[in-house]
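Trainee: I have just opened this model and would like a close look at one small part of it. Could you walk me through that part and then show me its surroundings?

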Amino acid sequence: MKLYSRITGTGSYLPPRRLTNADLAAELATQGVETSDDWIVERTGIRARHFAAPEVCSSDLGLEAARRALQAAGAEATDIDLIIVATSTPDMVFPSTACILQNKLGANGSTAFDVQAVCSGFIYALTIADAMIKSGAAKKALVIGAEVFSRILDFKDRTTCVLFGDGAGAVVLEASDTPGILASDLHADGKHVGILCVPGHVSGGKVLGDPLLKMDGQAVFKLAVGLLDEAARNTLAKAGKVAADIDWLVPHQANIRIMQSTARKLKLPMDKVIVTVDQHGNTSAASIPLALDAAVRSGKVKPGELLLLEAVGGGFTWGAVLLNL
Ligand code: ACO
């Protein structure tokens, strides 16, 4: 019998400290940095984001999201034989955030590792978990996106610090004799490293270079729209589907204008697009599972529907996953 993988539960977690654009603008003003709710909403669609407390790490946010996904799937931590955490803001240089989370969750002994593909991280992690389940290497996986992007923001750079937030989302992905994940498509092009990066690194007990996020917003915007369209079309073609078959597009939540452009290229109305960027900001690898969980829990997205998940991020990396929920 052919083996497939299927999402059986979703979960998410946002740290309690929520800042509206007005809250953030007031904080930035104390440091002489000027911005406004109007500017942020008009250019990005973002209205609020959550920031984690200083002692809270990606593994803590991911742990809560994982617990909620397990509960939704009716599964126990001890059932899990694979944990993949997608993050660009790991707890430590090493070991992986997945190992730290695994121990907190009590899933000791499972395979556990991190995936670093920035905002495409969840798409990469889901594709890897799907391949491992299809090959028989795992039966029940937790795929998690968890980020504390507030730690790598330069709050003196208004062109970037208003865009991002913290949070986590998770899915339980299980072996199944019906699909599940139908197709996926992953790519990267390292020649674009410089337009979106955190260029610092640790050496000799010091951080060398700048450990804060740098972005050429317009270059990112231009690349993102074309690459998302390419990933969406490749993935649909692999599954013998067309854009009109999609019930829901669940895009990486970077910027409403990127989402609108992508939907327009696919000729999908915006009421088929899951949008949470207004409430979460850009939570990088956490944004898709956060959006998916919000849509599932609100009853918008229903079992059996066809979903296209897609993302683009630093690297550059990009990709998409087509699945039946
Ligand atoms: N508040 C007020 N004014 C601002 C702010 C701010 N936060 N940031 C920039 N400005 C000003 C600039 O200084 C500039 O002023 P000037 O004309 O006097 O020089 C003006 O606004 C326009 O700046 P631009 O950078 O040209 O603004 P743009 O329209 O390109 O919007 C943005 C910037 C929102 C970053 C846009 O380029 C964008 O959406 N890029 C995509 C990047 C993105 O979404 N990245 C997310 C990470 S990557 C990913 O997840 C895929």
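Which residues of helix 2 are buried?

Mentor: Happy to help! First, a word on what you are looking at: the model is predicted, so local features need pLDDT of at least 70 and side-chain atom pairs count only at pLDDT 80 or more, while totals for chains, interfaces and linings use all residues. Residues are numbered from 1 along each chain as its sequence is written, and side-chain values use heavy atoms, with hydrogens and water left out.

Now to your helix. Helix 2 covers residues 37-44, and its buried residues are Ile40, Val41 and Thr44. Viewed down the helix axis, these buried residues fall within an arc of 100 degrees, so they line one face of helix 2. The arc is that of the directions from the helix axis to the C-beta atoms. As a rule, an α-helix has 3.6 residues a turn, so residues three or four places apart point the same way. On the other side of helix 2 you will find Asp38 and Glu42, which are exposed. Here, buried means under 20% relative accessible area, exposed over 50%, and partly exposed in between, with a 1.4 Å probe and protein chains only. Helices (H or I, at least four residues) and strands (E, at least two) are DSSP runs numbered from the N terminus.

What lies over the buried face? The cover of the buried residues of helix 2 includes helix 1 (21-29), strand 3 (48-50), helix 8 (256-266) and helix 9 (277-280). After helix 2 comes Gly45, with a positive phi near 80 degrees.

One neighbour deserves a visit. Asn255 sits in the loop between strand 13 (248-251) and helix 8. Its relative accessibility is 10%, so Asn255 counts as buried. Leaving aside neighbours within four places in sequence, Asn255 is in contact (heavy atoms within 4.5 Å) with Arg43, Thr44, Phe221 and Val277. Thr44 is also one of the buried residues of helix 2.

Strand 3, part of that cover, leads us to some aromatic rings. Rings of Phe, Tyr and Trp (its six-membered ring) pair if their centres lie within 6.5 Å; planes under 30 degrees apart count as stacked, over 60 as edge-to-face and the rest as tilted. By this rule there are two aromatic pairs. Phe51 and Phe155 form an edge-to-face pair, 5.9 Å centre to centre with 80 degrees between the planes. Phe51 lies in the loop between strand 3 and helix 3 (58-73), and Phe155 in the loop between strand 6 (140-148) and helix 6 (158-161), so the pair ties together parts that are 104 residues apart in sequence. Phe51 is buried at 5% relative accessible area, whereas Phe155, at 23%, is partly exposed. Phe149 and Phe164 form a stacked pair, 5.1 Å centre to centre with 25 degrees between the planes.

Finally, let us step back. The protein has 10 helices and 15 strands, and buried residues make up 55% of its 325 residues. Residues 24 or more positions apart account for 77% of the contacts with a separation of 6 or more. The domain assignment, which comes from an automatic or database source, gives domain 1 (4-176) and domain 2 (181-324). Their centres, taken over C-alpha atoms, are 14 Å apart, and 55 residues of domain 1 are in contact with 47 residues of domain 2.
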